[in-house]
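Please open the structure in your viewer and keep the selection tool at hand. The tour below goes from stop to stop, telling you what to select and what is there.

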Amino acid sequence: KIQSKVVFLHALLMCGADWNSRLVLLREFIRLQYHRYRGGKDVEFSCAIRAHGRCARIHFTGSMSELHTLVDIFRHESYKPKHDHVERLFSGSIKTLLDLGANIGLASAWFALTYPGVSIDAYEPNPRVFRLLQKNLSQFPNVRVFEKALAQKEGTVAFNQSEHTLASSVFAAGESNAIQVPATTLDSAIEIIGGSVDLIKIDIEGSEFEVLQGSQNLARVRAIIGEAHTGQSGHTQEELNQTLSTFN
């Protein structure tokens, strides 16, 4: 257990763009360890992070889950297209990206730093983190943010705003309160970004099945990468595979 914490801490510190940022990340790691055992509230902070020789300043709500997400995306490159056919598809360049479930924007920031010039539309319905999403992505000229959920139809949806922001969802979550948020469809998002999209990054806490099933324009998408929360949605992996069976 101690060894895994040391390995994680080393990966976390390597996300920092300079020594000052690494010290900030170390401070927050120590604070959150104390927080875990003695209690306390999340405290917002910011630091500079680096990907592929380029830097950005990122504002965090101050949770341990965000630090784990930072390591996953910036050190482990969990959203990097790794399959051979996808790499050949893009030939090292991604021009358009939809970030569905952007949270504070870590994935969008990684893509913007890794693929300079990429146009990104980032969607996040949670008002608790949307202001940080705006801050984090305003430094990239080709990135737009939308305070909307993804759903099967335009309008509003009930959204469960969790104390743990990464767990917020249209599905019930522990220690959450339900609010109404604006919603849009995947087809609308595709049209807004230009009618076609190179890559969709999707992490919308169980809504993936309905959103993908409701799209008539998956043929306009070159690749999809992300997470499927089948347990929350009540749908199986097989059902999701069937939904994507016509997507090549």
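The stops that follow begin with the whole chain, move to the sheet and its helices, and end with a few single residues.

**The whole chain**

Keep in mind throughout that this is a predicted model. With the whole protein chain in view and coloured by secondary structure, you are looking at 10 helices and 10 strands. Of the 248 residues of the chain, 51% count as buried, and among the contacts with a separation of 6 or more, 63% are between residues 24 or more positions apart.

**The five-stranded sheet**

Select S5, S4, S3, S9 and S10, which in that order form an open sheet of five strands with parallel pairing. Strand S5 (143-146) and strand S10 (221-226) stand at the edges with a single partner strand each, so one side of each is left without a neighbour in the sheet. From one strand to the next, the twist averages 15°.

Now look at two of the pairs in turn. S3 and S4 pair in the parallel sense over five bridges, and here you can select Thr96, which stands opposite Ser119 in S4. S4 is mostly covered, since four of its five residues are buried. Strand S9 (residues 197-202) and S10 likewise pair in the parallel sense over five bridges, and the bridge partner of Val197 in S10 is Val221.

**Helices on the sheet**

Add helix H5, which lies across strand S3 (96-100), strand S4 (119-123) and S9, and runs at about 175° to S4. Then add helix H6 (residues 127-137), which packs on the sheet where it touches S4 and S5, its direction making about 175° with that of S5.

Is H5 largely enclosed or largely open? Nine of the nine residues of H5 are buried, so this helix is largely enclosed by the rest of the structure. You can select them as Leu106, Ala107, Ser108, Ala109, Trp110, Phe111, Ala112, Leu113 and Thr114.

**Helix H3 and its surroundings**

Next, select helix H3 (residues 64-74), and within it show the side chains of the buried residues Met64, Glu66, Leu67, Leu70, Val71, Ile73 and Phe74. These buried residues pack against helix H1 (2-14), helix H2 (19-38), strand S1 (45-51), strand S2 (54-60) and helix H5 (106-114).

Two of these neighbours deserve a separate look, beginning with H5. The axes of H3 and H5 come within 10 Å and cross at roughly 25°, which makes H3 roughly parallel to H5. The crossing of H3 with H5 is right-handed. To see the contact, select Glu66, Thr69, Leu70, Ile73 and Phe74 of H3 together with Leu106, Ala107, Ala109, Trp110 and Leu113 of H5. By class, the residues of this contact are eight nonpolar, one polar and one charged.

Turn then to H2, whose axis comes within 10 Å of that of H3 and crosses it at roughly 135°; H2 and H3 are therefore oblique to each other. Their crossing is left-handed. The residues to select are Leu25, Phe29, Leu32 and Gln33 in H2, which meet Met64, Leu67 and Leu70 in H3. The residues of the contact of H2 with H3 divide into six nonpolar, one polar and no charged.

**Ile58 in strand S2**

Move to Ile58, which lies in strand S2 and, at 0% relative accessibility, counts as buried. Which residues does Ile58 touch, not counting residues up to four places away in sequence? They are Phe45, Ser46, Cys47, Ile49, Ile104, Leu106, Ala109, Asn136 and Gln139. Draw a distance line to Cys47 as well, for Ile58 and Cys47 are 11 residues apart in sequence and 5.7 Å apart in space, C-alpha to C-alpha.

**Two loop residues with positive phi**

The last stops are in loops. His52 is found in the loop between S1 and S2, and its phi is near 55°, a positive value in a residue other than glycine. With a relative accessible area of 46%, His52 is partly exposed.

Finally, select Glu77 in the loop between H3 and helix H4 (84-90). Glu77 has a positive phi of about 50° although it is not a glycine, and at 18% relative accessibility Glu77 counts as buried, because buried means under 20% relative accessible area.

Definitions and conventions: Residues numbered from 1 in each chain as written. Predicted model: local features only at pLDDT ≥ 70, side-chain atom pairs only at ≥ 80, totals over all residues. Heavy atoms only, no water. Buried < 20%, exposed > 50% of the residue type's maximum accessible area, 1.4 Å probe, protein only. Contact = heavy atoms within 4.5 Å. Pairing = 2+ DSSP bridges. Axes fitted to C-alpha atoms, helices over the stretch in contact; angles between N-to-C directions. Parallel < 35°, antiparallel > 145°, perpendicular 65-115°, else oblique. Left-handed = near helix turned anticlockwise from the far one by under 90°. Nonpolar A, V, L, I, M, F, W, Y, C, P; charged D, E, K, R; others polar.
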